[in-house]
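Please find below a colleague's note on the structure. The points are numbered so that each may be checked separately.

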Amino acid sequence: MDLLNTLVDKGLRRETPTREEALAVLATSDDDLLDVVTAAGKVRRHWFGRRVKLNYLVNLKSGLCPEDCSYCSQRLGSTAGILKYTWLKPDQASEAAAAGLAGGAKRVCLVASGRGPTDRDVDRVSDTIKAIKERHEDVEVCACLGLLSDGQAERLRAAGADAYNHNLNTSEATYGDITTTHTYADRVDTVHKAHAAGLSACSGLIAGMGERDEDLVDVVFALRELDPDSVPVNFLIPFEGTPLAKEWNLTPQRCLRILAMVRFVCPDVEVRIAGGREVHLRSLQPLALHLANSIFLGDYLTSEGQAGKADLEMIADAGFEVEGAGEVTLPEHRAAAGGGGCGPGAEQAGCGSHAGGGVCGTAPDAAGASASAEPRTDLVAVRRRGAGTDLAPNA
């Protein structure tokens, strides 16, 4: 297919595809799916080999968020039966992080629900970062705390944070359809603050909210313009008790096409499969490793993931290898510029840890070549273990 040959050539040269080419990837048929995966896989292997970076989430503060993000189980007015607790103490967070690191993770992602941190919250998180690094000197730490005020990114950096995550959520034109309590510009500003402070910037999206293909392409091109080191791709987890509980618009095939499009547009960036992979990719998760070079190990913020042991077996069975703590994630040209990969793509559960497509409630158009999926509510399990509980974490 001429399109795929062109995209591989551009990806190996770090040349941006056209919008039309990106849209054409999303419009390919299921009959062409393996060709699409093979082509994007060439770009992934060129820049990242067969390494898979493991990341581990620690939900520092769960629920009771004042923001109204439609996709989030912690949003204002959510009736989802998730865990709710206030800030973990530094030693509790450090203990939770240790479980993920023992499972093979090289990065810990510290997430807290809310609009953004107070200065006291930044002090709390700074103490937590120091506690983690005292026990694990080489671990990468990424913070995801919502919208940042002036000077807060610098304080997190001084405390030892390596990265900051804040997703764009959707295209600028449709942002108001999923959130009204803050703006798209607010999110862009926080990513700029992270960059300016010398933190590795991480920003991504959520697919599956009923967006058009054009919305997905818009947000991915906007992300390329922001130049984060990491782009987490979340797939909507339709929690009961949230406005998007009935949005089941993804098939495994569409998820793979979305990941391939992201890889072609962001060829040398750490692309992470984040929340929702178990729910929507299901048995095709191993194929997604040919497109993305990073995943979360174990559970997410408010939902359970597959067993950490199963994650490791999947990586090995697919012919990939876990990236070691001493290996540099990013290609040499990006790492030399000060990047180090980035933090949480999380899932639908924590301000700043989500992103997504366009207008809520509209089904994918015909160009998406994707039929609506059957609801798999049996795969949506609320997290009842790990941080904020007395039960052992999944790692």
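The points below go from the protein as a whole to one helix and then to individual loop residues.

1. Status and overall dimensions. The model under discussion is predicted. Its C-alpha trace spans about 55 × 45 × 40 Å along the principal axes. The secondary structure consists of 13 helices and ten strands.

2. Burial and surface. The protein has 395 residues, and 62% of these count as buried. Its accessible surface amounts to about 13,700 Å². Carbon and sulfur atoms account for 49% of that surface.

3. Contacts along the sequence. Taking the contacts between residues at least 6 apart in sequence, 81% join residues at least 24 apart.

4. Charges. The protein carries 41 positive and 55 negative charges. The mean positions of these two sets are 3 Å apart.

5. Helix α1. Which residues of α1 are buried? In this helix, formed by residues 2-12, they are Leu3, Leu4, Leu7, Val8, Lys10 and Gly11. These residues lie on the same side of α1, because they cover an arc of only 165° around the axis. A lysine, Lys10, is thus listed among the buried residues together with the leucines Leu3, Leu4 and Leu7.

6. Packing partners of α1. Against which helices do the buried residues of α1 pack? The partners are α2 (19-26), α3 (33-48) and α9 (252-265).

7. The residue after α1. Arg14 follows α1, and its phi is positive, near 60°. The backbone at this position may be inspected together with the two loop residues described next.

8. Asp227. This residue is located in the loop that runs between α8 (213-226) and β7 (230-235). Asp227 is not a glycine, yet its phi is positive, near 60°. Is Asp227 buried or partly exposed? Asp227 counts as partly exposed, because its relative accessibility of 38% lies between the limits of 20% for buried and 50% for exposed.

9. Arg282. The loop between α10 (277-280) and α11 (285-288) contains Arg282. Here too a residue other than glycine has a positive phi, near 50° in the case of Arg282. With a relative accessible area of 26%, Arg282 is partly exposed. The residue is therefore not counted as buried, since that term requires a value under 20%.

How values were computed: Residues numbered from 1 in each chain as written. Predicted model: local features only at pLDDT ≥ 70, side-chain atom pairs only at ≥ 80, totals over all residues. Heavy atoms only, no water. Buried < 20%, exposed > 50% of the residue type's maximum accessible area, 1.4 Å probe, protein only. Helix = DSSP H or I, 4+ residues; strand = E, 2+ residues; numbered from the N terminus. Arc of directions from axis to C-beta. Contact = heavy atoms within 4.5 Å. Areas by Shrake-Rupley, 256 points an atom, 1.4 Å probe, with all protein chains shown as cover. Lys, Arg positive; Asp, Glu negative; His and termini not counted. Charge placed at Lys NZ, Arg CZ, Asp CG, Glu CD.
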